[in-house]
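Student: I have a model open in front of me and would like a close look at one part of it, the largest pocket and what surrounds it. Could you walk me through that part, starting from the overall fold?

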Amino acid sequence: GKAYLDVLSSLIIMALSACMLTITLQRPEKLMIYFETTGKEILFTWRMRVVADIIQILFLVSCGMMGEIMAIVTGVFLFVAFSLAQKRSDIFRELFRKHAGDPALADESDAAAAATVSRYEEVSEPSATV
């Protein structure tokens with residue numbers, strides 16, 4: 001029984017790691033296009049990355065002493081990334097897409113949207129017919 005659970009938790013950890021790696025690298029392109037066209041864009045957000053890391057930490061803790069060490073390292077990296085996201089959220093604009101539920105990016109998205117609209121209005125010519 002215990003060996004089966006160890007193998008199962010290891011497979012779940014590897015699958016989560018592979019998913020996070022492919023989303024971060026934006027490869028393979030066909031898979032990324034599938035996620036975008038089927039409405040699964042939440043996979044590309046900061047919030048989903050945090051959820052995946054927390055689930056991975058929980059499964060790592062169940063893998064004995066080495067798993068606990070890896071869980072602590074993953075937790076430290078998650079904490080450092082979260083503190084960086086709070087202080088300098090501009091770093092994460094290239095890596096993660098904005099989502100309405102992301103607290104660090106919500107205020108900036110409103111300002112960026114307003115700047116984009118004003119820039120668009122400056123560049124485009126007014127239409128003669130409405």
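Tutor: Happy to. How many helices and how many strands are there in the protein? The answer is 5 helices and 0 strands, and from the N terminus on the elements run α-α-α-α-α. Please keep in mind that this is a predicted model. Its mean pLDDT is 75, with 68% of the residues at 70 or more. Residues 114-125 have a pLDDT below 50, and this stretch makes 0 contacts in the model beyond near neighbours in sequence. Buried residues account for 20% of the 130 residues in the protein. Among contacts with a separation of 6 or more, 54% join residues that lie 24 or more positions apart.

Now to the pocket itself. The largest pocket holds about 570 Å³ of space. Of the 30 residues that line this pocket, Met-20, Thr-24, Arg-49, Ala-52 and Asp-53 are the closest to its centre. Two or more lining residues come from each of α1, α2 (29-37), α3 and α4. Helix α3 gives the most to the lining, with 9 residues. Sorted by class, the lining has 22 nonpolar, 6 polar and 2 charged residues.

Helix α3 is also a good place to turn from the pocket to the core. The largest nonpolar core has 8 residues, namely Ile-13, Trp-46, Val-50, Ile-57, Leu-60, Ala-71, Leu-78 and Ala-85. Helices α3 and α4 (64-87) each supply at least two residues of this core, and the largest share, 4 residues, comes from α3.

Val-50 is a handy residue to follow here. Val-50 sits in helix α3, which spans residues 46-61. Why does Val-50 count as buried? Its relative accessibility is 18%, and the cut-off for buried is under 20%, so Val-50 falls on the buried side. Val-50 and Ala-81 are 31 residues apart in sequence, yet their C-alpha atoms are 9.7 Å apart in space.

Helix α1, another contributor to the pocket lining, deserves a look of its own. Ser-9 lies in this helix, which covers residues 2-25. Ser-9 has a relative accessible area of 5%, so this residue is buried. Beyond its neighbours within four places in sequence, Ser-9 is in contact with Phe-59, Ser-62 and Cys-63.

Finally, follow the chain out of α1 into the loop between α1 and α2, where Gln-26 is found. Is Gln-26 buried or partly exposed? With a relative accessible area of 28%, Gln-26 is partly exposed, because that value lies between the 20% and 50% limits. The backbone is worth checking here too. Most residues other than glycine have a negative phi, and most peptide bonds are trans. Gln-26, although not a glycine, has a positive phi of about 60°. The peptide bond from Arg-27 to Pro-28 is cis, with omega near -10°, and Pro-28 is also placed in the loop between α1 and α2.

To draw the picture together, α3 gives 9 residues to the lining of the largest pocket and 4 residues to the largest nonpolar core. The loop between α1 and α2 carries Gln-26 with its positive phi and Pro-28 after the cis peptide bond.

Conventions. Residues numbered from 1 in each chain as written. Predicted model: local features only at pLDDT ≥ 70, side-chain atom pairs only at ≥ 80, totals over all residues. Heavy atoms only, no water. Buried < 20%, exposed > 50% of the residue type's maximum accessible area, 1.4 Å probe, protein only. Contact = heavy atoms within 4.5 Å. Core = buried A, V, L, I, M, F, W, Y, C linked by side-chain atoms within 4.5 Å. 1 Å grid on protein atoms, 1.4 Å probe; cavity = no way out; pocket = protein on both sides within 12 Å on 5 of 7 lines; lining within 4 Å. Points joined across faces, edges and corners; volume = space filled by probe spheres on them. Nonpolar A, V, L, I, M, F, W, Y, C, P; charged D, E, K, R; others polar. pLDDT = per-residue confidence, 0-100.
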